[in-house]
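Reader: I am a first-year student, and I learn best from one detail at a time. Please pick a single part of this model, look at it closely, and work outward from there.

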Amino acid sequence: IIFGLCLGFLFLTGFFHMQNENCIMSKSHKVPSTPCRAKTNVMFLKTHKTASSTVLNIMFRFVERYNLTVALPADQLLHLGYPKTFLAHFVEDFQSIGQNYNIMCNHLRFNLSEVQKVMPVNTFYFSILRNPIFLMESSYIYFKHNAPAFRISRDVNEYLASPMKFYHPADYQQNIYARNIMWFDFGYDNNAEVNKKYIQAVLKEIEQNFHLILIADYFDESMILLKHTLCWDLDDVVYFKLNSRSQDTVQTLTPESVEQIKTWCSLDWKLYLHFNQSFWSRIEETIGLKELEKEVNDLRMRQKELMETCLSDHEAVGKDHIKNKALLPFQSGAANILGYNLKEDLDNRTLRTCQKMVMPELQYTSYLYSLQHPHKKRKQIGLP
């Protein structure tokens, strides 16, 4: 199947509606056709600091390939009402479009009954989790200036040595990033008491609501499982890592901090342990480890090929080294969010494909919004 991510770029003059062109994405990595049919009604719960921006880029490119509709944030919002619990009217034109959206993937706090008002009955629901140990350190750096608990502590280890010294219950709405953030994103109380019966009930409900939970720590394996489950092609899940940060902003956790995270974020820890286990069980049941290893290798080869085709540096670069400021990712907290420089001699078709691979989340959201709602005021994202 020829990959058709050949639509215009937000910052180019005009828009190009050319579907199913022979893009560079259609090279010799065609996966043998399977009897299943690609799922095109998909809801992705975008959790925080879990490689979810990379997944969002994959979803947006899929939207363009199949000329699908995406449930985008209304007006000038760049998320679906977060951190408020999701309501259907947070979606642009929900009243007139109803359940005719194919894809939903921008940040929201999950609320099944309201999501069901927006998405078709046969929608496939999936999300992604990350080891809370790495998640906490990442959140601390990224949300350093957002969460009071992070802001008033010197570093992540000082915070974790005595969380309640910095995490004040009165500030819980501003401190959602500072404790059990994944539990919160799924719609639950991130300050709930650790109760075995309660945790089991939540895990069971998540299993009922979601068809698949991926694991960010095994991202390539997750993409292969997603490809198989949705009956997508390899080129549908190939990616460049987005919204990652430079290594010099990573803080080293002490052994004491690592253990403290398991206690302080015990709800997230239980969530992660449960779905990490079900993730690997699902792979063994559906793909098998041998086939998985082969397909992960294929994915990495395809990614390497595209990076050599698209990127002048063959890798991500720091914010100060991004030449085209229109491709500058949103910068947050104490993080240096990396981006990409494209080669300058690309033909138009290849250029458009490469631009979509590296387009940051806010720019892509704004771009699709302007395509899907051309008569609405364009989203102001505060970037060139």
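**Charged pairs and what surrounds them**

Author: Glu308 is partly exposed, with a relative accessible area of 39%. Keep in mind that this is a predicted model. Glu308 has a charged partner, Lys304, and the two form a salt bridge. Their closest N and O atoms are 3.0 Å apart. The cut-off for such a bridge is 4 Å, so this pair qualifies. Where do Glu308 and Lys304 lie? Both are in helix α14, residues 289-310. They are four residues apart, about one turn of the helix. Lys304 is exposed, at 52% relative accessibility. The cut-off for exposed is over 50%, which is why Lys304 gets that label. Glu308 stays below that cut-off, so partly exposed is the right term for it.

Salt bridges can also share partners: Arg65, Asp233 and Asp236 are joined into one network this way. The count for the model comes to 15 salt bridges.

Now take a pair that is spread out along the chain. Lys356 and Glu64 meet through their side chains in a salt bridge, 3.2 Å from N to O. Lys356 belongs to helix α15 (residues 348-358), and Glu64 to helix α1 (residues 52-65). They are 292 residues apart, and the pair links distant parts of the chain. Are these two buried or exposed? Lys356 is buried, with a relative accessible area of 0%. Glu64 is buried too, at 4%. Buried means under 20%, so both values pass that test.

Glu92 and Lys376 give another bridge, again 3.2 Å from N to O. Glu92 sits in the loop between α1 and α2 (94-97), while Lys376 is in the segment after α16 (361-372). They are 284 residues apart in sequence, so the bridge ties those parts together. The two ends have their own labels. Glu92 is buried, at 5% relative accessibility. Lys376 is partly exposed, at 37%.

Charges can also sit over rings. Arg109 lies over the face of Phe184, 3.7 Å from the ring centre. Lys379 has its charged end over the ring of Tyr369, 4.1 Å from the centre.

Rings pair with rings as well. A pair of aromatic rings is described by the distance of the centres and the angle of the planes. The model has 27 aromatic pairs. One of them is Tyr142 with Phe143. Their centres are 5.0 Å apart, and their planes meet at 80°. Planes over 60 degrees apart count as edge-to-face, so that is the name for this pair. Both partners are buried: Tyr142 at 10% relative accessibility, Phe143 at 6%. There is also an aromatic cluster, made of Tyr140, Phe150, Tyr159, Phe166, Tyr167 and Trp264.

Next, a whole helix. Helix α10 runs over residues 219-230 and has 12 residues. From first C-alpha to last it reaches 16 Å, close to the 16 Å expected at 1.5 Å a residue. How many of its residues are buried? The count is 11 of 12, so α10 is mostly covered under the 20% cut-off. Among the buried ones are Phe219, Met223, Ile224 and Leu230. Charged types appear on that list too, including Asp220, Glu221 and Lys227. After α10 comes Cys231, with a positive phi near 60°.

Thr229 is one residue of α10 worth a stop. It is buried, at 16% relative accessibility. What does Thr229 touch, leaving out residues up to four places away in sequence? Its contacts are Lys39, Phe124, Leu212 and Arg282. Lys39 is 190 residues from Thr229 in sequence, yet their C-alpha atoms are 8.7 Å apart in space.

Last, confidence. The chain averages a pLDDT of 89, and 90% of the residues score at least 70. Residues 1-23 have a pLDDT below 50, though this stretch has 77 contacts in the model beyond near neighbours in sequence. Residues 26-33 also stay under 50, with 13 contacts beyond four places in sequence.

Key:
Residues numbered from 1 in each chain as written. Heavy atoms only, no water. Phe/Tyr/Trp six-rings, centres within 6.5 Å; stacked < 30°, edge-to-face > 60°. Buried < 20%, exposed > 50% of the residue type's maximum accessible area, 1.4 Å probe, protein only. Lys NZ or Arg CZ within 6 Å of the ring centre and 35° of its normal. Helix = DSSP H or I, 4+ residues; strand = E, 2+ residues; numbered from the N terminus. Expected span 1.5 Å × (residues − 1). pLDDT = per-residue confidence, 0-100. Contact = heavy atoms within 4.5 Å.
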